[in-house]
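Morning, everyone. I have one structure to go through today, so please look at it while I talk.

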Amino acid sequence: VELQAKWGGVVPALAQQAHMDAIDEVVDETLRKSGLRPDQLSGVAVTIGPGLSLCLKVGVLKAREVAYASKVPLIPVHHMEAHSLVARILTQSTREPSLSPSS
């Protein structure tokens, strides 16, 4: 958000670089917090679009690397569906957030 504010919006090349700078640490931290090693994975999910293609590419390349090294399937996920699923996981809801009645 700070990077976007400086330029008045998203600058694709800068957003891509920010993703590249963060991806290894994010994957390592996620594995650490889950208590899993890469060889214990049963699959690797990655968002494939719609979205900023330069940023999505960073995630896809890392996901392919992890899936290949772990010898597990790569699972493509619609970007907007991923946002919905994360909200569902974080709230531990059994309903789709997009279908929940408003309060």
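When I say that two residues touch, or are in contact, I mean that they have heavy atoms within 4.5 Å. Keep in mind that this is a predicted model.

Start with Val72. Leaving aside residues up to four places away in sequence, Val72 touches Leu41, Ser42, Gly43, Val44 and Ala67.

Val72 also belongs to the largest nonpolar core, which has 8 residues in all. The other members are Leu31, Leu41, Val44, Val46, Ala63, Val66 and Ala67. Two elements give two or more residues to this core: strand S1, residues 44-49, and H3. Which of them gives the most to this core? That is H3, with 3 residues.

Helix H3 covers residues 53-70, and Ala69 lies in it. Is Ala69 buried or exposed? Ala69 has 59% relative accessibility, and exposed means over 50%, so Ala69 counts as exposed. Its C-alpha atom is 7.8 Å from that of Pro38, although the two residues are 31 residues apart along the chain.

Now helix H2, residues 12-34. H2 has 23 residues and spans 31 Å from its first C-alpha to its last, close to the expected 33 Å. H2 bends by about 40° at Ala22. Which residues of H2 are buried? They are Ala15, Gln16 and Leu31. The cover over these buried residues includes helix H1, residues 2-7, and H3. After H2 comes Gly35, with a positive phi near 75°.

One link to take away: Leu31 is a buried residue of H2, and Leu31 is also part of the largest nonpolar core.

Definitions and conventions. Residues are numbered from 1 along each chain as its sequence is written. This is a predicted model: local features need pLDDT of at least 70, side-chain atom pairs count only at pLDDT 80 or more; totals for chains, interfaces and linings use all residues. Side-chain values use heavy atoms; hydrogens and water are left out. Helices (H or I, at least four residues) and strands (E, at least two) are DSSP runs, numbered from the N terminus. Buried means under 20% relative accessible area, exposed over 50%, partly exposed in between (1.4 Å probe, protein chains only). A nonpolar core is a set of buried Ala, Val, Leu, Ile, Met, Phe, Trp, Tyr and Cys residues joined through side-chain atoms within 4.5 Å. The expected span of a helix is 1.5 Å times one less than its number of residues. The bend at a residue is the angle between axes fitted to the seven residues ending there and the seven starting there.
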